[in-house]
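User: I'm new to reading protein structures. Could you walk me through one, feature by feature?

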Amino acid sequence: MMDETSDEPPTSAVFLDNCNFSQVIFNNVEKFYVPGGDVTCYYTLTQNIIPRGKDWVGIFRVGWKTTREYYTFMWAPVPSDTPRDTSVQQQIQFKAYYLPKDDEYYQFCYVDQDGVVRGASVPFQFRAETEDDILVVTTQGEVEELKQQNKTLLQENEDLKASCTSLQKQNLGLQEELQKTQELKNSLISLRSKTEMLELELDSLRKENKHLKELDDCREAELSQLKEQVQNVTSEKDHLEARLKTTMGRMDQLQSLVLNYEKEVENLSQMVRDKTEQLEGLKGENHQLCMTGTHQASLRICPICNEVFPEDVETSQYEAHVQSHLLECPLCKETFEKSDKQVFDDHIYCHSLE
């Protein structure tokens, strides 16, 4: 509840151990206030407090923990032309309509515009005093009750501090996971760069192999001409045989060179497969991090194009989408991304050399 002509007062989650109750002193506080009547609150502003425009006086149920738990409040008037080193008597009136209707214990609290409590009264009740009523709270009793209340709130504050420390540790852990994710991304970029270099090198080897095949075709034509010359020119037989022997040696060298290139191509293909498996593993880890980090909603994400599917998508539809990005070797069933078609073609070609 609140005053019908006022805005919400400034509050905070500041606990009792951070408050100074001696800066505002409440005077003439009754033990009982008769229900249905207005209540006048008297208090003294000591020289230790500087009143401000958003200070307020609230009625709190005894046992409150933060200033957000007020029942009702009134804006505290700011005294004018008063020296700072002088105490000032003030009063405000709470209308009966806004007062509590039960017989619980309540107290006045003066709260500054930062939401910090600067003074608190002794407890009181909203009920008629009867002949059977005895002294409910003595001065010493009030002190003991406030000490116990302060002790309880201090313990709760310690618990909150421990919780805050735990949250800070969790935040540190999340930051470390974020750093690891960034490192994985950097590794992925590096692997992609290495894969591109491998593709360029493989392309160069293909061109060189093509050139060697062309040379081989030329040598075969030359050999045919030599055979014709052997048939037509007997006198040059020895010369042609020596030349043929030389040519055959060259062919052996070329074949050996081709075999070496084939082995190198196979090694490169194996390296590409290894890098592809590493890439798939990194994509899986990245996918897992996405699933457990920022997207807690059990979404499915395509590991190839990162397209996000809703939670209720059919498994067959999701798998068909992922399969549409892949090429499968008909001989060994190894899969490649369509974006790596050149690697796939080289892989097929390596099978043809086996």
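Analyst: Sure! Keep in mind that this is a predicted model. Let's begin with aromatic rings: ring pairs link Phe-26, Tyr-33, Tyr-43, Tyr-71, Phe-94, Tyr-106, Phe-108, Tyr-110, Phe-124 and Phe-126 into a cluster.

User: How many aromatic pairs are there by this rule?

Analyst: Rings count as a pair if their centres lie within 6.5 Å, and that gives 20 aromatic pairs here. Take Tyr-33 and Phe-124: their centres are 5.1 Å apart with 85 degrees between the planes, which is edge-to-face. Tyr-33 sits in the loop between β1 and β2, and Phe-124 in the loop between β7 and α1, so the pair ties together parts that are 91 residues apart in sequence.

User: Are Tyr-33 and Phe-124 buried or exposed?

Analyst: Tyr-33 and Phe-124 are both buried. Tyr-70 and Phe-73 are buried too. The centres of Tyr-70 and Phe-73 are 5.6 Å apart and their planes are at 80 degrees, so this pair is also edge-to-face.

User: Now a helix. Which residues of α4 are buried?

Analyst: First, the general idea: an α-helix has 3.6 residues a turn, so residues three or four places apart point the same way. Now the case here: α4 covers residues 341-353, and its buried residues are Val-343, Phe-344, Asp-346, His-347, Cys-350 and His-351. Looking down the axis of α4, those buried residues fall within an arc of 160 degrees, so they line one face of the helix.

User: And what lies over the face of Trp-75?

Analyst: That's Lys-54, at 4.8 Å from the ring centre.

Definitions and conventions:
Residues are numbered from 1 along each chain as its sequence is written. This is a predicted model: local features need pLDDT of at least 70, side-chain atom pairs count only at pLDDT 80 or more; totals for chains, interfaces and linings use all residues. Side-chain values use heavy atoms; hydrogens and water are left out. Helices (H or I, at least four residues) and strands (E, at least two) are DSSP runs, numbered from the N terminus. The expected span of a helix is 1.5 Å times one less than its number of residues. Buried means under 20% relative accessible area, exposed over 50%, partly exposed in between (1.4 Å probe, protein chains only). The arc is that of the directions from the helix axis to the C-beta atoms. Rings of Phe, Tyr and Trp (its six-membered ring) pair if their centres lie within 6.5 Å; planes under 30 degrees apart count as stacked, over 60 as edge-to-face and the rest as tilted. A charge sits over a ring if NZ of Lys or CZ of Arg is within 6 Å of the ring centre and within 35 degrees of the ring normal.
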